[in-house]
Amino acid sequence: MDTHSRSFAKALSWRVTGTIDTMIISLVVTGSIKLAAAIGMTEVVTKSLLYYFHERAWLKIPYGRKTPGLMPPLKKS
């Protein structure tokens, strides 16, 4: 299970990547560096928080997880 700080660190590292992408796309679409930066800075905050809470929610969902079980007893020959 991930700790809260690990989930937060993952959210930040992903947001840096996503924000650079958003700023480049915004720059291409708007042609404005100021507007691209404003869009990028806004989305870095909102999407970091959304990702963090999304990660924490998924930790409570058992879907697709393998639970560590006991090893079956060895067969005697």
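# A tour starting at Glu 55

Select Glu 55 first: this residue counts as buried, at 17% relative accessibility. Buried means under 20% relative accessible area, exposed means over 50%, and partly exposed lies in between, with a 1.4 Å probe and protein chains only. The structure on the screen is a predicted model, in which local features need pLDDT of at least 70 and side-chain atom pairs count only at pLDDT 80 or more, while totals for chains, interfaces and linings use all residues. Residues are numbered from 1 along each chain as its sequence is written, and side-chain values use heavy atoms, with hydrogens and water left out.

**Stop 1: around Glu 55**

Glu 55 belongs to helix α2. Helices here are DSSP runs of H or I with at least four residues, strands are runs of E with at least two, and both are numbered from the N terminus. Which residues does Glu 55 touch, not counting residues up to four places away in sequence? Display Asp 2, Ser 7 and Lys 10, which are the residues in contact with Glu 55 under that condition; contact means heavy atoms within 4.5 Å. Now show the side chains of Glu 55 and Lys 10, which make a polar contact at 3.3 Å. A polar contact is a pair of N or O atoms within 3.5 Å; within protein, one must be able to donate a hydrogen and the other to accept it, and residues adjacent in sequence count only if both atoms are side-chain atoms.

Keep Lys 10 selected; this residue is partly exposed, with a relative accessible area of 27%. Lys 10 also forms a salt bridge with Asp 2, in which the closest N and O atoms are 3.3 Å apart. A salt bridge is a side-chain nitrogen of Lys or Arg within 4 Å of a carboxyl oxygen of Asp or Glu.

**Stop 2: helix α1**

Select residues 4-30, which make up helix α1 with its 27 residues. From its first C-alpha to its last, helix α1 reaches 37 Å, close to the 39 Å expected at 1.5 Å a residue; the expected span is 1.5 Å times one less than the number of residues. Colour Ser 7, Ala 11, Arg 15, Gly 18, Thr 19, Thr 22 and Ser 26, the buried residues of α1. An α-helix has 3.6 residues a turn, so residues three or four places apart point the same way.

Against what do the buried residues of α1 pack? Select 33-59 to see the partner, helix α2. Next, select Val 16, which is also found in α1 but is exposed, at a relative accessible area of 51%. The C-alpha atoms of Val 16 and Val 44 are separated by 7.5 Å, although these residues are 28 residues apart along the chain. Just after α1, look at Gly 31, which takes a positive phi of about 75°.

**Stop 3: salt bridges between and within helices**

How many salt bridges are counted? The count comes to 5. Select Arg 15 and Glu 43, whose side chains meet in a salt bridge of 2.5 Å, N to O. Arg 15 lies in helix α1 and Glu 43 in helix α2, so the pair ties together parts that are 28 residues apart in sequence. Are these two residues buried or exposed? Arg 15 is buried at 6%, and Glu 43 is buried at 7%.

Then add Lys 47, which forms a salt bridge with Glu 43, the closest N and O atoms being 3.7 Å apart. Glu 43 and Lys 47 both lie in α2, 4 residues apart, about one turn of the helix. Lys 47 counts as partly exposed, at 39% relative accessibility. Elsewhere, salt bridges that share partners join Asp 2, Arg 6, Lys 10 and Glu 55 into one network.

**Stop 4: the aromatic residues**

The structure holds 2 aromatic pairs. Select Phe 8 and Tyr 52, an edge-to-face pair with 6.3 Å from centre to centre and 75° between the planes. Rings of Phe, Tyr and Trp (its six-membered ring) pair if their centres lie within 6.5 Å; planes under 30 degrees apart count as stacked, over 60 as edge-to-face and the rest as tilted. This pair links distant parts of the chain, with Phe 8 in α1 and Tyr 52 in α2, 44 residues apart. Phe 8 is partly exposed at 43%, whereas Tyr 52 is buried at 16%. Add Phe 53: the ring centres of Tyr 52 and Phe 53 are 5.3 Å apart and their planes stand at 75°, so this pair is edge-to-face. Phe 53 counts as exposed, at 55% relative accessibility. Phe 8, Tyr 52 and Phe 53 form one aromatic cluster.

**Stop 5: the annotated stretch**

Finally, select residues 9-58, which an unreviewed UniProt entry annotates as "domain: DUF2061". UniProt positions are given in the numbering used here, feature names are shortened, and annotations may be inferred rather than shown by experiment. Over residues 9-58 the chain is 96% helix and 0% strand, and the end C-alpha atoms are 16 Å apart.
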